Amino acid sequence: MKKILSFIICITISVSLLTLSSFAAPEFTMKDAEKLVADLEEIADILLEGQINEFTTFEEVTDEIAFKVINLHEPGRYTIDNYPKGGIYYTAEQCKSSEYWIERLNTFLTSEYTAEHFSEILDGGITYCDGEIFVIDGFAVQSSAGYDTFDDLKNKKITQNGDTAYLEFLDELPYDRGYVERKIEFKYTENGWRISGGNGADAVFGISKNPNTADAGAVLTICLFTSILGMCIALSKKKGI
């Protein structure tokens, strides 16, 4: 009986150590998802489709800085003597700091997602380079995900587990290439629901995940649990319980 009790106590302690406290999350609704996806698309329009007029002074940067920014986007393609000049500007005073963009992104992204991917997110019409923010006029790319309207997303489905929710859907690829399955993850924070990841968000920003490290957190959790359990059993045997 003592062995069983000791085992139960060890399990309880282990689970307590591995359990993270969470906010009492309300139901995540399709309306919540629509609002956050709209915010995601708005920032994508700025970063990927060149809607940057409100953020620029239209004061061109020096050749040295312009080359540095160009080389960030297309490393090794140009030299200081032959890079395409023009179209790279200083940002307007009110939005020239990284703090401005972090605060703006955190209105719909979790602070963790913003911190982890900041330089990857600001890698378009608004570019973060060597600690400074620059504007690139005419920057336009074909993102692998561009959600023009929420209604365009097909077969939308929401699932929720406590303070985490998921929106799964089919997204139509450009040039009649069919549909692709996407998923956006949401986390309930002290400031409300925020986008916290998923390939549906990563695709908008052009963020690539390393598949070999995607489940690292789960693996570490299992290893920690096994280690604690092993120590509990060893102590029980040593004490002869």
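This dialogue explains how to read several features of a predicted model.

User: How many residues does helix α2 have, and what span should they cover?

Analyst: A helix is expected to advance 1.5 Å a residue, so the 19 residues of α2 (residues 30-48) should span 27 Å. The C-alpha atoms at the two ends of α2 are 26 Å apart, which agrees.

User: Which residues of α2 are buried?

Analyst: A residue counts as buried when its relative accessible area is under 20%. In α2 the buried residues include Ala-33, Leu-36, Val-37, Leu-40, Ile-43 and Ala-44. Charged residues appear in the list too, among them Asp-39, Glu-41 and Asp-45. Just after the helix, Gly-50 takes a positive phi of about 75°.

User: What is the strand order of the open sheet, and which strands stand at its edges?

Analyst: The four strands of this open sheet follow the order β5-β6-β7-β8, with antiparallel pairing. At the edges stand β5 (154-161) and β8 (192-197); each has a single partner strand, so one side of each is left without a neighbour in the sheet. From one strand to the next, the twist averages 25°. Within the sheet, β6 (residues 164-172) and β7 (residues 179-189) run antiparallel and are joined by nine bridges. Glu-172 stands opposite Tyr-179 in β7.

User: Where does α2 lie relative to these strands?

Analyst: Helix α2 lies across β5, β6, β7 and β8, and runs at about 60° to β8.

User: How many residues lie between β3 and β4 in their hairpin?

Analyst: In a hairpin, two paired strands are joined by a turn; here two residues lie between β3 and β4. Asp-130, in that turn, has a positive phi of about 50°. The strands β3 (residues 126-129) and β4 (residues 132-136) pair in the antiparallel sense over four bridges. One of the partnerships is that of Cys-129 with Glu-132 in β4.

User: How many aromatic pairs are there, and how should one be read?

Analyst: Two rings pair if their centres lie within 6.5 Å. The count comes to 10 aromatic pairs. Phe-55 and Trp-101 form a tilted pair, 5.1 Å centre to centre, with 55° between the planes. Phe-55 lies in the loop between α2 and β1 (56-60), and Trp-101 in helix α4 (residues 98-105), so this pair ties together parts that are 46 residues apart in sequence. Phe-55 is buried, with a relative accessible area of 1%, and Trp-101 is buried at 0%.

A further tilted pair is formed by Phe-67 and Tyr-83, at 5.8 Å centre to centre and 55° between the planes. Phe-67 belongs to helix α3 (residues 63-73) and Tyr-83 to the loop between α3 and β2 (88-91), so the parts tied together are 16 residues apart in sequence. Ring pairs also link Phe-28, Phe-186, Tyr-188 and Trp-193 into a cluster.

User: Which charged ends sit over aromatic rings?

Analyst: The charged end of Lys-156 sits over the ring of Phe-150, 5.0 Å from its centre. The charged end of Lys-183 sits over the ring of Tyr-166, 4.9 Å from its centre.

User: Is Tyr-147 buried or exposed, and which residues is it in contact with?

Analyst: Tyr-147 lies in the loop between β4 and β5. Its relative accessible area is 2%, so Tyr-147 is buried. Leaving aside neighbours within four places in sequence, Tyr-147 is in contact with residues including Val-37, Leu-40, Glu-41, Phe-169 and Ile-184. Tyr-147 and Glu-42 are 105 residues apart in sequence, yet 9.6 Å apart in space, C-alpha to C-alpha.

Notes: Residues numbered from 1 in each chain as written. Predicted model: local features only at pLDDT ≥ 70, side-chain atom pairs only at ≥ 80, totals over all residues. Heavy atoms only, no water. Expected span 1.5 Å × (residues − 1). Buried < 20%, exposed > 50% of the residue type's maximum accessible area, 1.4 Å probe, protein only. Phe/Tyr/Trp six-rings, centres within 6.5 Å; stacked < 30°, edge-to-face > 60°. Lys NZ or Arg CZ within 6 Å of the ring centre and 35° of its normal. Pairing = 2+ DSSP bridges. Axes fitted to C-alpha atoms, helices over the stretch in contact; angles between N-to-C directions. Contact = heavy atoms within 4.5 Å.
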